[in-house]
Amino acid sequence: MTDDGPDPAHRRPAGLDDTTVAALGKLSEALETTERARGHLYSMHQLTGHADLQLDEAVALFRRAGHDRVADRIERELIGRNVIAGRWTFQIVEDYDDGYHATFREVETWARDDLAGGRRHLLEAEMKERRRTRGLPGHEARPAG
């Protein structure tokens, strides 16, 4: 490889200052944090849905054991219940995705496009260049080819 540096998509555009690169890096990190939060939200969605379905089995077992009063209350108060006012978890996920998360992604992309020509992970690419050992296997700047 004749060029042992980052690919052009990970090189700072001319004139882009350190503070702007740091700010774009922090914005990207914040977006990554919302991605993790989104994953946890989907976990909550799936786990809550699974628990609701498990209640069917609990109700059947209570009925088999002769505890209709307990089964009736579970059916009436828990099965199919909204997790927050007027919403099941799928509605929470949709609102998060379509509102906050979509806006966050749009603003992060806009800032990168406006300030860095759309280049992603400039802060990390520059950190990689500072930390890697040039010429050592496993420390290449980018994949061969």
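# A tour around helix 1

Start by selecting helix 1 and helix 4: their axes cross at roughly 110° and come within 8 Å. That angle makes helix 1 roughly perpendicular to helix 4. To see where they touch, show the side chains of Val21, Ala22, Gly25 and Glu32 on helix 1, together with Leu122, Leu123, Glu124 and Glu126 on helix 4. Colour this contact by residue type and you will find four nonpolar residues, one polar and three charged. Before moving on, please keep in mind that what you have open is a predicted model.

**Stop 2: the whole of helix 1**

Now select residues 18-64, which form helix 1. This helix has 47 residues and reaches 69 Å from its first C-alpha to its last, close to the 69 Å expected at 1.5 Å a residue. Which of its residues are buried? Select Thr20, Val21, Leu24, Gly25, Ser28, Leu31, Thr34, Leu41, Asp52, Leu55 and Val59 to display them. These buried residues pack against helix 2, helix 3 and helix 4. You have met helix 4, so the next stops visit the other two partners.

**Stop 3: helix 2**

Add residues 68-77, which are helix 2, to your selection. Helix 1 and helix 2 pack with their axes 8 Å apart, at an angle of about 160°. The two are therefore roughly antiparallel to each other, since angles over 145 degrees count that way. If you turn the view to look at the crossing of helix 1 and helix 2, its hand is left-handed. For the contact itself, pick Leu55, Val59, Phe62 and Arg63 in helix 1; they meet Asp68, Val70, Ala71, Asp72, Ile74 and Glu75 in helix 2. This contact holds six nonpolar residues, no polar ones and four charged ones. Two residues here, Leu55 and Val59, may look familiar: they are among the buried residues of helix 1.

**Stop 4: helix 3**

Next, select residues 89-116 for helix 3. Helix 1 and helix 3 pack at about 165°, and their axes lie 10 Å apart. That makes helix 1 roughly antiparallel to helix 3. The crossing of helix 1 and helix 3 is left-handed. Sorted by type, the residues of this contact are 18 nonpolar, seven polar and six charged.

**Stop 5: two residues to zoom in on**

Centre the view on leucine 115, which sits in helix 3. What does leucine 115 touch, leaving aside its neighbours within four places in sequence? Show Leu16, Thr20 and Leu24 to see its contacts. Try drawing a distance from leucine 115 to leucine 24: their C-alpha atoms are separated by 8.6 Å, although the two are 91 residues apart along the chain. Leucine 115 has 43% relative accessibility, so it counts as partly exposed.

Then jump to threonine 48, in helix 1. Not counting residues up to four places away in sequence, threonine 48 touches Val83 and Thr89. The C-alpha atoms of threonine 48 and threonine 89 are 7.5 Å from each other, with their positions 41 residues apart along the chain. Threonine 48, at 28% relative accessibility, counts as partly exposed.

**Last stop: histidine 121**

Finish in the loop between helix 3 and helix 4, where you will find histidine 121. Look at its backbone: histidine 121 has a positive phi of about 55° although it is not a glycine. Is histidine 121 buried or partly exposed? Its relative accessibility is 33%, so histidine 121 counts as partly exposed.

Notes
Residues numbered from 1 in each chain as written. Predicted model: local features only at pLDDT ≥ 70, side-chain atom pairs only at ≥ 80, totals over all residues. Heavy atoms only, no water. Axes fitted to C-alpha atoms, helices over the stretch in contact; angles between N-to-C directions. Helix = DSSP H or I, 4+ residues; strand = E, 2+ residues; numbered from the N terminus. Parallel < 35°, antiparallel > 145°, perpendicular 65-115°, else oblique. Left-handed = near helix turned anticlockwise from the far one by under 90°. Contact = heavy atoms within 4.5 Å. Nonpolar A, V, L, I, M, F, W, Y, C, P; charged D, E, K, R; others polar. Expected span 1.5 Å × (residues − 1). Buried < 20%, exposed > 50% of the residue type's maximum accessible area, 1.4 Å probe, protein only.
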